[in-house]
Amino acid sequence: IERVNRAGEKLKKENGLINDLDIGYKVFSLTDKPSVDENFALLHPRAGVAEKLYNMLVATNKPLHAKIEIIEENALYRVENSFYAIDSFKTDIETLKDFEIYIDAYSTINLEKYLNLDIINRENIRVVY
């Protein structure tokens, strides 16, 4: 990390772009794969909201630098023209029916509620593992 920080500072000095050059980065770590408990519920160990969201972005081919809009903190996010449900949310799902909706399979969301909607294009709703 220190080497990356120094390299970024060096690039800014060499190019004379003190405030314009973005030298930011994100650090990701690997976690154990999910396990199944005795009730056949999927358990995702130690994954926080950000990790779940970034995992879903990668699984759905979204760039990690895409702007993330918080619709409901710790529950519902928008990235480009897609919505990502990390946990149960209060927003009326009918208002989202014209967009792609990705649901985290490891959350406590009642999938029946979302998959049995009277939405013409059911292809818009997907569960991400």
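Biologist: What makes β3 and β4 a pair, and in which sense do they run?

Modeller: Two strands count as paired if DSSP finds at least two bridges between them. β3 and β4 have four bridges, so they pass that test, and their sense is antiparallel. Keep in mind that this is a predicted model, where local features need pLDDT of at least 70, side-chain atom pairs count only at pLDDT 80 or more, and totals for chains, interfaces and linings use all residues. Residues are numbered from 1 along each chain as its sequence is written, and side-chain values use heavy atoms, with hydrogens and water left out.

Biologist: Which residues sit across from each other in β3 and β4?

Modeller: Glu-72 has Leu-76 of β4 as its bridge partner, and Ile-68 is matched with Val-79 of β4. In the hairpin, three residues lie between the strands, and Asn-74 has a positive phi near 65°.

Biologist: What makes β4 and β5 a pair too?

Modeller: It's the rule of at least two bridges again. β4 and β5 are joined by four bridges and run antiparallel. One of the partnerships is Leu-76 with Ala-85 of β5. Their hairpin has two residues between the strands, and Glu-80 takes a positive phi near 55° there.

Biologist: How do you know what belongs to the sheet as a whole, and what makes a strand an edge strand?

Modeller: The open sheet has five strands in the order β3-β4-β5-β6-β7, with mixed pairing. β3 and β7 are its edges, as each pairs on one side only. Neighbouring strands are turned by 25° against each other on average, direction ignored. Such angles are taken between axes, meaning lines fitted to C-alpha atoms (for helices over the stretch in contact), and run from 0 to 180 degrees between N-to-C directions. In general, strands of a sheet pair through backbone hydrogen bonds, either parallel or antiparallel.

Biologist: What counts as a helix or a strand here, and how many does the chain have?

Modeller: Both are DSSP runs numbered from the N terminus: H or I over at least four residues for a helix, E over at least two for a strand. The chain has three helices and seven strands, laid out as α-β-β-α-β-β-β-β-α-β.

Biologist: Why are Glu-80 and Lys-62 called a salt bridge?

Modeller: The label needs a side-chain nitrogen of Lys or Arg within 4 Å of a carboxyl oxygen of Asp or Glu. Here the N to O distance is 3.4 Å, so the pair qualifies. The two are 18 residues apart, with Glu-80 in the loop between β4 and β5 and Lys-62 in the loop between α2 and β3.

Biologist: Is Lys-62 buried or exposed, and what about Glu-80?

Modeller: Buried means under 20% relative accessible area, exposed means over 50%, and partly exposed is in between (1.4 Å probe, protein chains only). Lys-62 has 15%, so it is buried. Glu-80 has 45%, so it is partly exposed.

Biologist: What other pair makes up the total of salt bridges?

Modeller: The structure has two salt bridges, and Glu-100 with Arg-126 is one of them, at 3.4 Å, N to O. Glu-100 lies in strand β6 and Arg-126 in strand β7, 26 residues apart. Glu-100 is partly exposed at 28%, and so is Arg-126 at 32%.

Biologist: How do you know what Lys-67 touches?

Modeller: Contact means heavy atoms within 4.5 Å. Leaving aside neighbours within four places in sequence, Lys-67 contacts Arg-78, Val-79 and Glu-80. Lys-67 itself is in the loop between α2 and β3, and its 67% makes it exposed.

Biologist: Which residues of α2 are buried, and what do they pack against?

Modeller: In α2 (residues 49-59), they are Lys-52, Leu-53, Tyr-54, Met-56 and Leu-57. The buried residues pack against β3, β4, β5, β6 and β7. After α2 comes Asn-61, with a positive phi near 60°.

Biologist: How much of the chain is buried?

Modeller: Of its 129 residues, 29% count as buried.
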